[in-house]
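Biologist: Please walk me through a few labels on this model.
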Amino acid sequence: MSTTHTTALPDIVAIGRVCIDLYPEQFGVGLADIRSFSKSIGGSATNVAVAAAQLGNSVRLVTRTGADPFGEYARLEIARLGVDNTGITSVPGLQSVLTFCEVFPPDDFPLYIYRQPTAPDMYVDDSDLPLDLIERAPIFWATATGLSREPSRSAHYTAWRKRGRRPNTILDLDYRPMFWDNEAHAHTAVSEALDHVTITVGNLEECRVAVGETEPGRAADALLDRGIELAIVKMGPHGVMAATRTERVVSQPIPVDVVNGLGAGDAFGGALCHGLLHGMSLQQTLDFANAAGALVATRPQCSLAMPTLVDLNEFSAQAADSRTSGAGNRASRPTPS
């Protein structure tokens, strides 16, 4: 069994979903007519970890797979893509999560996620947590989906209590109705979690679930009122906003020809982490992350689409010249996968 690990403190510890993405090789047709699929790893936290690693940052991922060949594939592939996989364990008796999708560019990508009765990553518990690393790592990344079931929910709170609301404690608001009993359940869980994190990332629907606001400015204000230090609000065709108590910036949409938007939000997250780690200004960080999302939207997969730093710097320079050109289908609504 291949294991990639670091002896030093990682730049990022991420906790959350992992799955096997089985994405079609034929676009514009439904599952019944698709003839072949490509295989890669996915899941929001996993994709963010890969995205950050591809940019040159060290990342440890905490998650769980099924005790099956797909789980072994996930461990091997995560290692191959540069992420420390020593925090990945299997759950006896459960199968790894499989995710199929249909691809109808530019903005329709139906997902079919097989994780019944539940996903192995919902069985992350306190014993899986590298608490010393979580406490000291420059960034700790978690997603709201991890709050939808026990024991994962309690493990998140154990991690947050150990970290003590240090800077760069990030919550991806990541709302997918299929993972929750109902919306009220999601709202309560996410609202409680806001007291333990310092940065939030979410689209307008996710902000509505979290704080009851869909107007970008009011959503950001509501998050800041909860003690959030940096609220990032994805505004669909209007770009993305980042707000602190003293600064508010917007990154405008980048026109691209969209192939698959499912990995864009996770690419955004990995690049956001990179900007925070490397001292970029808030505007630079937001533009860099927005460019990562746009670039990945032009590619057919998620984890395998994450750009290197050289690729992203080149694309970012091109994007700076093309933001107002109006060409292509705008990839301005990063969609977590």
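**Labels and their reasons**

Modeller: Keep in mind that this is a predicted model.

Biologist: Why is L194 called buried or exposed?

Modeller: Its relative accessibility is 0%. Buried means under 20%, so L194 counts as buried.

Biologist: Where is L194, and which residues does L194 touch?

Modeller: L194 sits in the loop between α5 (183-193) and β10 (199-203). Leaving out residues up to four places away in sequence, L194 touches R165, L171, T200, V211, L223, R226 and I228.

Biologist: R165 is on that list. Why is R165 called partly exposed?

Modeller: The relative accessible area of R165 is 29%. Buried is under 20% and exposed is over 50%, with partly exposed in between. R165 therefore counts as partly exposed. Its place is the loop between α4 and β9 (169-172).

Biologist: And N168, buried or exposed?

Modeller: N168 has 18% relative accessibility. The cut-off for buried is under 20%, so N168 counts as buried. N168 is found in the loop between α4 and β9.

Biologist: What is the backbone phi of R165 and of N168?

Modeller: Phi is near 55 degrees for R165. For N168, phi is near 60 degrees. Each value is positive in a residue other than glycine.

Biologist: Which peptide bonds are called cis, and what is omega there?

Modeller: The bond from P105 to P106 is cis, with omega near 10 degrees. P106 lies in the loop between β6 (98-101) and β7 (111-114). A cis bond also joins E150 and P151, where omega is about 5 degrees. P151 lies in the loop between β8 (139-143) and α4 (152-163).

Terms used:
Residues are numbered from 1 along each chain as its sequence is written. This is a predicted model: local features need pLDDT of at least 70, side-chain atom pairs count only at pLDDT 80 or more; totals for chains, interfaces and linings use all residues. Side-chain values use heavy atoms; hydrogens and water are left out. Helices (H or I, at least four residues) and strands (E, at least two) are DSSP runs, numbered from the N terminus. Buried means under 20% relative accessible area, exposed over 50%, partly exposed in between (1.4 Å probe, protein chains only). Contact means heavy atoms within 4.5 Å.
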